[in-house]
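Grab a coffee and let's work through some exercises on the model below. Each one sets a task and then solves it step by step.

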Amino acid sequence: MLTSADTDLIRVLADPLRMRIVTLLAEETLCTTHLVEETGARQTNLSNHLRVLREAEVVETEPCGRYMYYKLRPDVIARLAGQFADLAESARTAAGKKRACP
């Protein structure tokens with residue numbers, strides 16, 4: 001069953017730019033400069049989206065000199081994927097069930 005935290009996470013990932021950031025971070029740890037280059041987003045806009053992803057604990061930061069690197073937290077994504085897998089299994093099990101109308 002999806003929790004309210006899972007629902008909040010789905011809302012966070014529903015934004016196309018945030019999903020693009022997550023997809024890029026699934027491939028490698030990147031700094032803000034790299035993410036600006038890859039997405040074409042303005043730095044301020046990108047920083048706001050990264051803040052949302054940090055607050056949702058989807059990404060974590062790693063300071064490196066004057067740069068801040070971001071990396072994906074795969075455990076968070078895996079947990080959400082597990083919730084969707086459970087929903088799919090419930091739907092398969094319930095496929096033959098139909099409640100009669102009164």
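**Exercise 1. Work out whether V76 is buried or exposed, and place it in the fold.**

Step 1: V76 has 6% relative accessibility, so it counts as buried. The classes run like this: buried means under 20% relative accessible area, exposed means over 50%, and partly exposed is in between (1.4 Å probe, protein chains only). The areas themselves come from the Shrake-Rupley method, and for residues only the protein chains shown count as cover.

Step 2: V76 belongs to helix α5, residues 74–94. Helices (H or I, at least four residues) and strands (E, at least two) are DSSP runs, numbered from the N terminus.

Step 3: Look for a contact far along the chain. V58 is 18 residues away in sequence, yet the C-alpha atoms of V76 and V58 are 6.2 Å apart.

A word on the ground rules: this is a predicted model, where local features need pLDDT of at least 70 and side-chain atom pairs count only at pLDDT 80 or more, while totals for chains, interfaces and linings use all residues. Residues are numbered from 1 along each chain as its sequence is written, and side-chain values use heavy atoms, with hydrogens and water left out.

**Exercise 2. Sort out the sheet: what is the strand order, and which strands stand at the edges?**

Step 1: Start with the pairings. Two strands pair if DSSP finds at least two bridges between them. Strand β2 (residues 59–64) and β3 are antiparallel and share 6 bridges. Strand β1 (residues 30–31) is joined to strand β3 (residues 67–72) by 2 bridges, again antiparallel.

Step 2: Put them together. The 3 strands make an open sheet in the order β1-β3-β2, with antiparallel pairing. β1 and β2 are at the edges with a single partner strand each, so one side of each has no neighbour in the sheet.

Step 3: Check the register between β2 and β3. V59 has L72 as its bridge partner in β3, E60 has K71, and C64 has Y67. From the β1 side, C31 stands opposite Y69 in β3.

Step 4: Inspect the turn. The hairpin of β2 and β3 has 2 residues between the strands, and G65 there takes a positive phi near 65 degrees.

**Exercise 3. Find how many salt bridges the structure has, and trace the network around K71.**

Step 1: Set the criterion. A salt bridge is a side-chain nitrogen of Lys or Arg within 4 Å of a carboxyl oxygen of Asp or Glu. Searching the whole structure gives 8 of them.

Step 2: Take K71 and E62, whose side chains meet in a salt bridge at 3.5 Å, N to O. K71 is partly exposed at 27% relative accessibility, and E62 is partly exposed at 36%. Salt bridges with shared partners join E57, E60, E62, K71, R73 and D75 into one network.

Step 3: Follow that network to E57 and R73, which form a salt bridge with their closest N and O atoms 3.9 Å apart. E57 sits in the loop between α4 and β2 and R73 in the loop between β3 and α5, so this pair ties together parts 16 residues apart in sequence. Both ends are partly exposed: E57 at 48% and R73 at 21%.

Step 4: Check the backbone too. E57 is not a glycine, but its phi is positive, about 60 degrees.

**Exercise 4. Describe the salt bridge between E55 and R51.**

Step 1: The side chains meet at 3.6 Å, N to O.

Step 2: Both residues lie in helix α4 (residues 43–55), 4 residues apart, or about one turn of the helix.

Step 3: E55 is exposed at 57% relative accessible area, whereas R51 is partly exposed at 35%.

**Exercise 5. Which residues form the negative surface patch?**

Step 1: Fix the rules. Patch residues have over 30% relative accessible area and no salt bridge; like charges are joined within 9 Å, and nonpolar side chains (Val, Leu, Ile, Met, Phe, Trp, Tyr) within 5 Å. Asp and Glu count as negative and Lys and Arg as positive, with His and the chain ends not counted. Each charge is placed at NZ of Lys, CZ of Arg, CG of Asp or CD of Glu.

Step 2: The patch is formed by E27, E28, E37 and E38.

Step 3: Zoom in on E38. It is found in helix α3, residues 32–39, and is partly exposed at 44% relative accessibility.

Conventions
Accessible areas come from the Shrake-Rupley method with a 1.4 Å probe; for residues, only the protein chains shown count as cover.
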